[in-house]
Amino acid sequence: YQYWTGDSWTTIMPGSDSKAFFIEGPIMDLDIFYSPRHMTFIAVYLTNYADSTFYYRYLEADRAIIPSYAPGGDPNVDCGEYLLKYDWSEEQVLYKAQPGLSGAFIYSGGVHLQYFGSDDISNGGSRMLLSWTSPTGQNPGSLNAEYQIVTAEVNLE
């Protein structure tokens, strides 16, 4: 394995007190993907603030950021390097989920890429499918179960 130190790559695993990260903030349930429409990488995530909100950021650069596997990409560049080389935008709200039946916050949020075919954000479109788990407060042995899996369609123009 290779690990980021904040300045360079190393084979030495950093300690639990490491301050080396590529996106600052209380981020959990993180998905990072390339968007051909936006010509950059996008990060979608929840925070540990328990606010039931999906946030997003994108890589900022003075030119298009194209991974090696995409048309026009440089086959000699590791697209993982882009995540460290460029700055991430400020955090923006992508989607605010409604509380579940119990009124508790959501968790286990994520993006399901490729769901919308050619109009999917990962294929040059603007649509993405989000999903998350929402506690119901119901008996886990009941038909209502203790948790719901919820989805929403979001457009990122």
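**Exercise 1. Find the residue in E4 that stands opposite tyrosine 34, and describe how E3 and E4 pair.**

*Solution.* Step 1: Look across from tyrosine 34, and you meet phenylalanine 41 in E4. The labels are easy to read: strands (E, at least two residues) and helices (H or I, at least four) are DSSP runs, numbered from the N terminus.

Step 2: Next, look at the two strands together. E3 and E4 run antiparallel and are joined by 7 bridges. Two strands pair if DSSP finds at least two bridges between them.

Step 3: Now follow the turn. The hairpin of E3 and E4 has 4 residues between the strands, and in this hairpin methionine 39 takes a positive phi near 55 degrees.

A word on what you are looking at: this is a predicted model, in which local features need pLDDT of at least 70 and side-chain atom pairs count only at pLDDT 80 or more, while totals for chains, interfaces and linings use all residues. Residues are numbered from 1 along each chain as its sequence is written, and side-chain values use heavy atoms, with hydrogens and water left out.

**Exercise 2. Work out the strand order of the open sheet that contains E9, and name its edge strands.**

*Solution.* Step 1: The open sheet has 3 strands, in the order E8-E9-E10, with antiparallel pairing. Strands of a sheet pair through backbone hydrogen bonds, either parallel or antiparallel.

Step 2: E8 and E10 are the edge strands, since each pairs on one side only.

Step 3: Neighbouring strands of this sheet are turned by 20 degrees against each other on average, direction ignored. For such angles, axes are lines fitted to C-alpha atoms (for helices over the stretch in contact), and angles run from 0 to 180 degrees between N-to-C directions.

Step 4: Zoom in on one pair. E8 and E9 are antiparallel over 4 bridges, and valine 111 has leucine 130 in E9 as its bridge partner.

**Exercise 3. Describe the largest nonpolar core and list the contacts of leucine 94.**

*Solution.* Step 1: Start with the term. A nonpolar core is a set of buried Ala, Val, Leu, Ile, Met, Phe, Trp, Tyr and Cys residues joined through side-chain atoms within 4.5 Å. Buried means under 20% relative accessible area, exposed over 50%, and partly exposed in between (1.4 Å probe, protein chains only).

Step 2: The largest core has 17 residues, and Val44, Phe54, Leu94, Met128 and Leu130 have the most contacts inside it. At least two core residues come from each of E4 (40-47), E5 (53-60), E9 (127-135) and E10 (147-155).

Step 3: Set aside the neighbours of leucine 94 within four places in sequence; its contacts (heavy atoms within 4.5 Å) are then Val44, Phe54, Tyr55, Tyr56, Met128, Leu130, Val154 and Leu156.

Step 4: Another core, of 15 residues, lies apart from this one, and its members include Tyr34, Ile65, Ala70 and Cys79.

**Exercise 4. Which parts of the chain does the salt bridge between glutamate 157 and arginine 37 tie together?**

*Solution.* Step 1: A salt bridge is a side-chain nitrogen of Lys or Arg within 4 Å of a carboxyl oxygen of Asp or Glu. By this rule there are 4.

Step 2: Glutamate 157 and arginine 37 meet at 3.0 Å, N to O. Glutamate 157 lies in the segment after E10 and arginine 37 in the loop between E3 and E4, so the pair ties together parts that are 120 residues apart in sequence.

Step 3: Check the surroundings. Glutamate 157 is exposed at 62% relative accessible area, whereas arginine 37 is partly exposed at 40%.

Step 4: Compare with arginine 57 and glutamate 91, whose closest N and O atoms are 3.8 Å apart. Arginine 57 sits in E5 and glutamate 91 in the loop between E6 (87-88) and E7 (92-96), 34 residues apart. Arginine 57 is buried, at 12%, while glutamate 91 is partly exposed, at 34%.

**Exercise 5. State how confident the prediction is, and where confidence is lowest and highest.**

*Solution.* Step 1: pLDDT is the predictor's confidence in each residue, from 0 to 100. The protein has a mean of 88, and 97% of its residues reach 70 or more.

Step 2: Confidence is lowest in E1 (residues 3-4), with a mean of 78, and highest in E7, at 97.
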